[in-house]
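Work through the exercises below with the structure in view. Try each task before reading its solution.

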Amino acid sequence: MQQVAYRKVNVPVLLAVDADGQKRPRKIRWTDGNAYAIDKVLNVCRAASTKVGGCGMRYTVRIEGKETYLFEEDGKWFIEEEYIKEV
C-alpha cells in the first residue's frame, strides 16, 4: 500500500535584496542539480510548515506555473517535498 508523505528538503536559493533589505528569492537549485527560476513571489508571511515542521518566513511562489511554499528558517531555505511512501 502507498500513501503520500512529505519531507523537508533544504535548497540553495539565489536572492535579490532591495535597498530596504527585503529579500526576494529568484531561483532555487534542486537536489539533482537542476536550477528552477521563480516566476513570481505571490505572498510572504510568517508561518509554520504543518507538513514537515519548522517555522519562519513562508514565501508562496510560482515555479514553472505551479504554486508551492518556500520557507526561510534561521537563514536556511527549504521546500516541502511530496513523495510516495510504502506502508
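**Exercise 1.** Find the loop that holds Glu64 and decide whether this residue is buried or exposed.

*Solution.*
- Start with the place. In this predicted model, Glu64 lies in the loop between strand S6 (55–63) and strand S7 (66–73).
- Next, take the accessibility. Exposed means over 50% relative accessible area. Glu64 has 63% relative accessibility, so Glu64 counts as exposed.
- Then look at the backbone. The phi of Glu64 is near 50 degrees, a positive value in a residue other than glycine.
- Compare this with the general rule. Most residues other than glycine have a negative phi.

**Exercise 2.** Do the same for Asp74: which loop holds this residue, and is Asp74 buried or exposed?

*Solution.*
- Asp74 sits in the loop between S7 and S8.
- The relative accessibility of Asp74 is 78%, so Asp74 counts as exposed.
- The phi of Asp74 is near 55 degrees, again a positive value in a residue other than glycine.

**Exercise 3.** List the elements of the chain in order from the N terminus.

*Solution.*
- Count the elements by type. There are zero helices and eight strands.
- Write them in order. From the N terminus, the run is β-β-β-β-β-β-β-β.

**Exercise 4.** Work out the strand order of the sheet of five strands, and explain why S1 and S5 each have one side without a neighbour.

*Solution.*
- Follow the pairings across the sheet. The order is S1-S8-S7-S6-S5, the sheet is open, and the pairing is antiparallel.
- Now find the edges. Strand S1 (2–10) and strand S5 (40–48) stand there, each with a single partner strand, so one side of each lacks a neighbour in the sheet.
- Add the turn between strands. On average, neighbouring strands of this sheet are turned by 30 degrees against each other, direction ignored.
- Zoom in on one pair. S1 and strand S8 (residues 76–86) run antiparallel and are joined by nine bridges.
- Pick a position in that pair. Arg7 stands opposite Glu81 in S8.

**Exercise 5.** Work out the order of the sheet of three strands, then trace its two pairings.

*Solution.*
- Set out the order. This open sheet runs S2-S3-S4, with antiparallel pairing.
- Mark the edges. S2 and strand S4 (35–37) each have a single partner strand, so one side of each is left without a neighbour in the sheet.
- Take the twist. From one strand to the next, the twist averages 30 degrees.
- Trace one pairing. Strand S2 (residues 13–17) and strand S3 (residues 23–29) are antiparallel over five bridges. Val17 has Lys23 in S3 as its bridge partner.
- Look at the link between them. S2 and S3 form a hairpin with five residues between them. In the turn, Gly21 has a positive phi of about 90 degrees.
- Trace the other pairing. S3 and S4 run antiparallel, joined by three bridges. Lys27 has Ala37 in S4 as its bridge partner.

**Exercise 6.** Decide whether Val41 is buried or exposed, and name what Val41 touches beyond its sequence neighbours.

*Solution.*
- Place the residue. Val41 belongs to strand S5.
- Apply the cut-off. Buried means under 20% relative accessible area. Val41 has 19%, so Val41 is buried.
- List the contacts. Beyond neighbours within four places in sequence, Val41 is in contact with Arg24, Pro25, Tyr59, Thr60 and Val61.
- Check a distance. Val41 and Arg62 are 21 residues apart in sequence, and their C-alpha atoms are 6.5 Å apart.

**Exercise 7.** Repeat the analysis for Gly56: is this residue buried or exposed, and which residues does Gly56 contact?

*Solution.*
- Gly56 lies in strand S6.
- Its relative accessibility is 5%, so Gly56 counts as buried.
- Leaving aside neighbours within four places in sequence, Gly56 is in contact with Cys45, Arg46, Ala47 and Glu72.
- From C-alpha to C-alpha, Gly56 and Glu72 are 5.7 Å apart, with their positions 16 residues apart in sequence numbering.

**Exercise 8.** Describe the chain as a whole: what are its spans, and what share of its residues is buried?

*Solution.*
- Along its principal axes, the C-alpha trace spans about 50 × 25 × 20 Å.
- Buried residues make up 28% of the 87 residues.
- The accessible surface comes to about 5800 Å², and 45% of this belongs to carbon and sulfur atoms.
- The chain has 15 positive and 13 negative charges, whose mean positions are 2 Å apart.

Key:
Residues numbered from 1 in each chain as written. Predicted model: local features only at pLDDT ≥ 70, side-chain atom pairs only at ≥ 80, totals over all residues. Heavy atoms only, no water. Pairing = 2+ DSSP bridges. Helix = DSSP H or I, 4+ residues; strand = E, 2+ residues; numbered from the N terminus. Axes fitted to C-alpha atoms, helices over the stretch in contact; angles between N-to-C directions. Buried < 20%, exposed > 50% of the residue type's maximum accessible area, 1.4 Å probe, protein only. Areas by Shrake-Rupley, 256 points an atom, 1.4 Å probe, with all protein chains shown as cover. Lys, Arg positive; Asp, Glu negative; His and termini not counted. Charge placed at Lys NZ, Arg CZ, Asp CG, Glu CD. Contact = heavy atoms within 4.5 Å.
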